[in-house]
Amino acid sequence: MDRNELSVRGYDRLAKVYRGLEFCLFGNSLFRARVALVDQIPAVGRALVLGDGTGQLLQELCVAQPDCHFTTVDQSRQMLRRQRRRVEQVGASDRVTFVQADARTFPVPGAEYDLLVAAFFLDCLTERELTAGLPRFLAGLRPHGLFYFVDFVRPNTPWRRRQAAAYQWAMHRFFRWQTGLPNHRLVDLERVLANQNLVTMHSADHLHPMTTCRVLNVG
Ligand SMILES: C[S@@+](CC[C@H](N)C(=O)[O-])C[C@H]1O[C@@H](n2cnc3c(N)ncnc32)[C@H](O)[C@@H]1O
């Protein structure tokens with residue numbers, strides 16, 4: 001079984017328990033981080049959402065952006081099923097296109113979207129894939145488009161850093177076992193982001209020492 005197949009099967013299997021697992025480990029912290037800045041996004045017309053999993057963030061975005069059309073790309077059929085259900089719950093089915101695809105090869109149309117969304121997704125890619133992939137995803141944005149980014153970060157204080165390293169080590173091991181994740185530790189997302197032409201408009205780093213939520217503007 002190749003890596004892609006392993007990953008799809010893994011996330012299909014995890015879809016049912018994903019939210020419960022997350023709650024056991026982090027309570028509501030990751031949910032709070034995910035939606036922290038949804039209200040700060042100005043009204044947009046088209047959005048591309050990558051790897052949204054069970055669709056918690058997509059659901060919130062559908063409510064906050066009543067005039068937006070969303071394209072949501074996820075490789076896992078079972079995750080997309082859950083996204084569809086959540087979108088139905090808020091009556092937004094006619095505004096969402098569901099695409100089952102590998103984001104690494106998904107042909108992102110140039111300058112099509114006002115908003116790109118990636119929550120706890122970029123670390124599913126290797127640093128090399130991300131270095132090639134992120135500029136391609138961002139090229140899907142129109143001039144002055146926005147990037148809504150949520151992910152794990154390395155905390156600043158030594159104690160928190162050690163705690164985060166232990167958590168992240170365990171999480172990477174778990175996802176490697178379940179989904180064939182090739183990363184052994186958190187990809188250096190800050191380095192990859194710093195190489196893009198992005199300006200931070202809003203950030204929420206206080207909700208959990210291990211997470212960040214940012215609204216970035218493509219300069
Ligand atoms: C770690 S989960 C994150 C889910 C959600 N965004 C969240 O906030 O918890 C990663 C999600 O990305 C999807 N995914 C992983 N690699 C992918 C890829 N190469 N292409 C498309 N989707 C992918 C998985 O199926 C899963 O739904």
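**Strand 5, the sheet and the ligand site**

Ala119 has its bridge partner in strand 5, namely Val150. On its other side, so to speak, Val150 also stands opposite Cys213 of strand 7. This is a predicted model, and these pairings are a handy way into its sheet.

Strand 4 and strand 5 run parallel to each other, joined by six bridges. Strand 5 and strand 7 (residues 211–218), by contrast, are antiparallel, with seven bridges between them. Strands in a sheet pair through backbone hydrogen bonds, in either the parallel or the antiparallel sense. Here the pairing is mixed: seven strands line up in the order 3-2-1-4-5-7-6 and the sheet stays open. Its edges are taken by strand 3 (96–100) and strand 6 (198–204), each of which pairs on one side only. On average, neighbouring strands are turned by 20° against each other, ignoring direction.

Helix 4 (residues 56–64) packs on this sheet and touches five of its strands by name: strand 1 (46–50), strand 2 (69–74), strand 3, strand 4 (113–119) and strand 5. The direction of helix 4 makes about 175° with that of strand 2.

Back to strand 5: nine of its twelve residues are buried, so the rest of the structure largely encloses this strand. Nonpolar side chains tend to be buried together in soluble globular proteins. In this model the largest nonpolar core has 64 residues, and Phe70, Leu122, Leu134, Phe137, Phe147 and Tyr148 have the most contacts inside it. Strand 5 (residues 141–152) supplies the largest share of that core, seven residues. Leu122 gives a feel for the packing: leaving aside residues up to four places away in sequence, Leu122 touches Leu130, Leu134, Phe147, Phe149, Asp151 and Leu189. There is also a second, separate core of six residues, with Tyr11, Leu14, Met79 and Leu181 among them.

As for the ligand, 18 residues surround it, the closest being Arg34, Gly51, Asp74, Ala103 and Ala119. Ala119 thus turns up twice, once beside the ligand and once as the bridge partner of Val150. Two polar side chains reach ligand oxygen atoms: a polar side-chain atom of Arg34 lies 2.7 Å from one oxygen, while an N or O atom in the side chain of Asp74 is 2.6 Å from an oxygen of the ligand. With Gln75 the backbone is involved instead, one of its polar atoms sitting 3.1 Å from a ligand nitrogen.

Terms used:
Residues numbered from 1 in each chain as written. Predicted model: local features only at pLDDT ≥ 70, side-chain atom pairs only at ≥ 80, totals over all residues. Heavy atoms only, no water. Core = buried A, V, L, I, M, F, W, Y, C linked by side-chain atoms within 4.5 Å. Buried < 20%, exposed > 50% of the residue type's maximum accessible area, 1.4 Å probe, protein only. Helix = DSSP H or I, 4+ residues; strand = E, 2+ residues; numbered from the N terminus. Contact = heavy atoms within 4.5 Å. Pairing = 2+ DSSP bridges. Axes fitted to C-alpha atoms, helices over the stretch in contact; angles between N-to-C directions. Near = heavy atom within 4 Å. Polar contact = N/O pair within 3.5 Å; in protein donor to acceptor, adjacent residues only side chain to side chain.
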